[in-house]
Amino acid sequence: EMLPGYDPSKGNFLFLPLQSDEDARKLCSRSVLIRSIHHVWAVGDSISDIVLQLQKLPTSFYAPYFAKENSWAVQVDGFCKTLTMQQKYLCRELFRFLEFQGQVDINHATIDLWLIMDYSQNNPWNSNNPEAFDPIRDSTRSYFGRLVSVGGQKDALRKYDLKKRLYLGPTSLDTSLALLLANISQVRQGSLAYDPFVGTASILVALTHFGAICSGSDIDPRVLRGEMYAGSADRSLDPTKRDIGENFNSYGLALPDLVRMDNHLFDRHIRSMQLQQMTEKKNTSNCNYCSGSTGCGCEWEGLYDVIVTDPPYGIRAGAKKSGRKGPCLYSINPASRLDHIPAVQPYPVEEVLLDLLHTAASSLNCGGLLTYLIPTTYDFTEDDLPLHPCLRLLNVSHQPLSSRHGRRAVTMQKHRCYRQEMRERFVEYKRKVISGEDEGGFSKLMSKLEAALAANAFDNAAVVKSLSTASAKRRISKNLRKKQREESGLCISKSIIEDDTADSVAVPKNPEH
């Protein structure tokens, strides 16, 4: 706010009140999306404003940076604009008044100064005509400052790139998104993390990268054994071992604990209700998240610090749960149980998400975080999310996927213990949602999503769409060409009807004419 040209309503850059360079480096060391952090020296609506502000700075401000032992460089960059070398040279010439004492080092300068011009709102320059550029007269939002740190996850994005991964499936989550989910979930060294729909463990790779101790489960034992490879290599010719364990070994990461389990039958597998009943009787400690009530079982009940997952919501892979639609009339030989793959049936999206909330409430420590992805339409509101009496909503982040739908990363926190009365309330809520009795936003979200993903959704006026400017222009052009073809066909048909005595009719070779 001390900067003369500071105005948070202008430009596309975020100002952060950091206390030191070390704070900036710590932030960049975990960030996936931050490109760089700069110590801003001047802000203005033109480069001439920048120059005037720098000339007014006291010598004591920049003298430590311009010492003889420091190498330096002045970089010029345009946001939403590619600048020519000639244009960058003209900008650099304006800063000759800065009293540098050290040597110039363009690539590895100790003091790296940047002039950044924001052309997202206006674009007055013609890059093909450098002579038309006047850095003094032309106006655009500009920033000048010292580069402090750059985004620290570029090496991780290259290391964990899916194209280089030994074992991946058709639904393996993108590396950058997996790292983002880990940051949103506040994963740190020693965090106990769990993914109930682990698949090929893309999320666990990101969590382990940040030091979490991970476990995961999936209903399909084939994907856990490495039998669902979806890469380009021919496994009949390639002897390379490809499974989840080899992925972690190739990255030098600690192996996760994996188990074949049906999240729909979480209570049967983990026996959380019996554990809850035992802890309610034995534990008499106070809970910081339950308003100081006693006997809540927090120290016994919690198992994980974070649960991070990408549930199977049926767009790329349909969800399955154990059982059959009809009665199960067969029994399993005990000698064959280890290799037996149980029968499965469709798993509705509503039930998938409700079971996920139940798992989080049953196994998270009080204060633990659940982060999951959910597909949504563009008229989404927070009221459309499924509810749980023990979980409160912390954050919702949006990622557009198409003109009709996107997905959101939802973060919830367990803020109270999952006691018996809470379980009964949730069981009743789940029953109403699945039976259709509940008329809340979550029930409506699923129906809106089905309409948005239907084949005729583009022509459905009830589906809310989000089109970019380029996409809108393409649709207008497409409709215009369609209208021209229809009019051209109508004219040809009319001439045939009116001239029914003609022996032949000349039809243009190009139907669009």
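Which residues lie nearest the centre of the largest pocket? In this predicted model, that spot goes to L14, I37, H38, H39 and V40, picked out of a lining of 36 residues. The pocket itself comes to a volume of about 1,400 Å³.

As for what the wall is made of, the lining splits into 22 nonpolar, 8 polar and 6 charged residues. Several elements chip in with at least two residues each: helix α1 (21–30), plus the strands β1 (36–46), β2 (72–79), β3 (111–118) and β4 (139–150). Of the contributors, β4 gives the most, putting 7 residues into the lining.

Further along the chain, strand β6 (residues 213–218) is worth a look. It is mostly covered, with 5 of its 6 residues buried. One of its partners is strand β5 (residues 192–195), and the two pair in the parallel sense over 4 bridges. Within this pairing, D195 stands opposite G216 of β6. To get from β5 to β6, the chain passes through helix α7 (residues 202–209), and the resulting β-α-β crossover is right-handed.

Strand β6 also pairs with strand β7 (residues 257–260), again in the parallel sense and over 4 bridges. Here S217 is the residue that stands opposite V259 in β7. Put together, β6 pairs in parallel with β5 and with β7, while 5 of the 6 residues in β6 are buried.

Note on methods
Residues are numbered from 1 along each chain as its sequence is written. This is a predicted model: local features need pLDDT of at least 70, side-chain atom pairs count only at pLDDT 80 or more; totals for chains, interfaces and linings use all residues. Side-chain values use heavy atoms; hydrogens and water are left out. On a 1 Å grid over the protein atoms alone, a cavity is a set of points where a 1.4 Å probe fits but cannot get out, and a pocket is an open set with protein on both sides within 12 Å along at least five of seven lines; lining residues have an atom within 4 Å of a point. Grid points are joined across faces, edges and corners, and a volume is the space filled by probe spheres set on the points. Ala, Val, Leu, Ile, Met, Phe, Trp, Tyr, Cys and Pro count as nonpolar, Asp, Glu, Lys and Arg as charged, and the others, Gly among them, as polar. Buried means under 20% relative accessible area, exposed over 50%, partly exposed in between (1.4 Å probe, protein chains only). Two strands pair if DSSP finds at least two bridges between them. A crossover is right-handed if, with the strands pointing away from the viewer, the path from the first strand over the helix to the second runs clockwise.
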